[in-house]
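Dear colleague,

Please find below the structure that I am handing over to you. I would be grateful if you could look through it alongside the notes that come after it.

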Amino acid sequence: LGQVHRAVLKNGQEAAVKIQRQGLDNLFKSDLVNLRLLAVILDKLDPKTDGAQRDWVRIYEESARLLYKEIDYTNEAKNAERFKENFADVPWIKVPDIYWETTSKRVLTMEYVPSVKINNIEEIERRGIDRKLLAKRSADSYLKQLCRYGFFHCDPHPGNVGCDEKEGGRLVYYDFGMMDEFSTGVRKGLVNLIYSVYENDEVGLCNALEEMGILQPDSDRLSVERISRFFLEDFQKTLKASPEEEKWINQLSPEEKKKIRAERRAKLGADLLSVGNDVPFKFPPTFTFVFRAFTSLEGIGKTLDKGYDLTRLAVPYLKELLELREGSVVRAVVKQYAEKLGWRKEDINALVTQPRQVAYISNVIRKLEKGDLKLRTRTLESERAFERSAMVQQNQGKLIVASALLNSAMALSMLSTAPAVASQAAFGLAILFALQFPLGVLKVRSFDKKSKVYGF
């Protein structure tokens with residue numbers, strides 16, 4: 001999008017000047033029209049079999065919004081100053097100063113801050129910079145961006161993140177054109193989500209997902225919570241394992257992965273199928289850039305330290321997350337002790353309202369005994385059987401229609417008074433319906449295969 005040149009200001013100070021390429025606005029307009037068409041097609045074709053509802057058009061719109069912001073260098077300068085202010089008390093993060101006197105929408109002038117690319121291991125080693133410390137600091141800085149400030153760098157690849165020897169290994173951030181921001185609710189939900197993962201709290205995790213707008217409020221929470229409980233327990237086992245025993249999914253062999261998938265389907269078959277059919281998750285466009293940034297961050301971390309593991313590096317950060325969630329350390333400690341002693345507001349409320357709740361339960365039981373209340377249950381086996389039956393009946397109906405049209409076409413062709421176009425139209429429709437029959441058979445077979453995989 002632009003070129004960066006080393007320059008000297010009139011006062012003799014060295015600077016870096018970023019100059020935008022010409023004609024970007026027109027180029028964006030023509031390319032984005034094609035991308036929007038692709039997004040519309042993806043919305044139609046995405047099968048959503050993983051239970052996630054992706055709005056490709058909204059993802060496109062979010063990308064386009066950030067792209068136009070990226071070619072406004074005054075906006076990038078403001079982003080740089082805001083990022084610098086957020087990390088003003090962190091000596092191991094450096095953001096170049098902005099020189100506003102020589103900055104415009106297409107020209108950005110900033111402090112010249114030389115550094116080593118964060119993936120240049122040879123030079124980092126030569127300068128004696130602690131690689132493990134750099135990896136840890138890169139993870140720490142990004143968690144702060146997401147959870148504390150909700151204002152984050154969308155593109156932290158090695159070209160935009162450097163390092164130098166200062167402060168034992170200082171991170172130098174560049175290029176603040178592509179930045180995004182969480183709303184207060186999403187940021188609060190993200191803090192609760194991370195904390196729930198480490199606390200092994202599946203209900204809290206689902207509440208956090210709902211708070212972030214990822215889990216839809218009217219979804220089948222029981223299935224989602226059971227799946228969450230399974231993965232959280234698996235995560236805790238790996239987290240507590242010794243370095244010799246620990247193995248994450250990406251470290252397993254193909255045979256081990258296959259075995260784990262089979263075990264998972266055996267335990268969670270019905271719940272996984274329910275989630276896949278109901279599509280309870282909604283994919284917010286903003287998280288496209290979060291996942292992209294985490295991918296870059298993981299690559300940087302693994303390059304610096306082969307034992308890099310963001311999930312373990314985040315454990316010391318939990319204390320700060322607790323402070324963020326409760327507002328202060330003192331309040332967090334008081335709440336923890338209140339939870340252990342049963343002095344929380346909800347505990348006291350439960351004690352006071354217990355007689356009323358017992359009376360209510362007793363009333364419900366009496367109504368059940370009298371038949372005034374009916375329980376509604378969901379049986380996936382029956383749902384699948386009815387769904388398969390409907391598919392088979394639909395195929396049979398298409399075959400019957402194709403046969404009827406074929407007979408009509410033959411009868412019309414034998415009548416001398418009937419127009420030729422009528423018999424041709426009937427033949428055409430008969431072929432159309434006949435072709436849909438084998439497609440329907442394949443659909444039923446695919447349905448049966450999926451049912452078998454999930455234990456139905």
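The notes below cover the cavity, the aromatic residues, the cysteines and some individual loop residues.

Please bear in mind throughout that this is a predicted model.

The cavity

The search returned one cavity of 30 Å³ or more. The volume of the largest cavity is about 50 Å³. Its lining is made up of E76, A80, P96, I98, L108, M110, Y173, Y174, D175 and F176. Two elements, helix 3 (73-86) and strand 5 (107-111), each contribute at least two residues to that lining. Sorted by class, the lining of the largest cavity comprises eight nonpolar and two charged residues, with no polar ones.

Aromatic contacts

Seven aromatic pairs are present in the structure. In one of them, the ring centres of F83 and F87 are 5.0 Å apart and the planes meet at 40°, so this pair is classed as tilted. F83 is buried, because its relative accessibility is 0%. F87 is buried as well, with a relative accessible area of 3%.

F87 also pairs with Y149: the ring centres are 5.6 Å apart and the planes stand at 65°, so the arrangement is edge-to-face. F87 belongs to the loop between helix 3 and strand 4 (93-94), whereas Y149 belongs to helix 5 (residues 131-149), so this contact ties together parts that are 62 residues apart in sequence. Y149 itself is partly exposed, at a relative accessible area of 22%.

Ring pairs join F83, F87, Y149, Y173 and F176 into a cluster. Of these residues, Y173 and F176 also appear in the lining of the largest cavity.

A further contact involves a charge and a ring. The charged end of R82 sits over the ring of F151, at 4.0 Å from the ring centre.

Cysteines

How many disulfides does the model contain? The count is zero. As a reminder, a disulfide is a covalent bond between the sulfur atoms of two cysteines. With regard to accessibility, C147 is buried at 3%, and C154 is buried at 0%.

Individual loop residues

Two residues have a positive phi although neither is a glycine: E167, at about 60°, and D175, at about 55°. E167 is located in the loop between strand 8 (161-164) and strand 9 (170-173). With a relative accessibility of 47%, E167 counts as partly exposed. D175 is located in the loop between strand 9 and strand 10 (179-181). D175 is likewise partly exposed, its relative accessible area being 23%. D175 is also one of the residues that line the largest cavity.

Is K306 buried or exposed? Its relative accessibility is 78%, so K306 counts as exposed. K306 is placed in the loop between helix 10 (287-304) and helix 11 (310-313). The C-alpha atom of K306 is separated by 10.0 Å from that of A135, although the two positions lie 171 residues apart in terms of distance along the chain.

When you open the model, you may wish to begin with the cluster of F83, F87, Y149, Y173 and F176, and then turn to the lining of the largest cavity, which includes Y173 and F176.

With kind regards

Key. Residues numbered from 1 in each chain as written. Predicted model: local features only at pLDDT ≥ 70, side-chain atom pairs only at ≥ 80, totals over all residues. Heavy atoms only, no water. 1 Å grid on protein atoms, 1.4 Å probe; cavity = no way out; pocket = protein on both sides within 12 Å on 5 of 7 lines; lining within 4 Å. Points joined across faces, edges and corners; volume = space filled by probe spheres on them. Helix = DSSP H or I, 4+ residues; strand = E, 2+ residues; numbered from the N terminus. Nonpolar A, V, L, I, M, F, W, Y, C, P; charged D, E, K, R; others polar. Phe/Tyr/Trp six-rings, centres within 6.5 Å; stacked < 30°, edge-to-face > 60°. Buried < 20%, exposed > 50% of the residue type's maximum accessible area, 1.4 Å probe, protein only. Lys NZ or Arg CZ within 6 Å of the ring centre and 35° of its normal. Disulfide = S-S within 2.5 Å.
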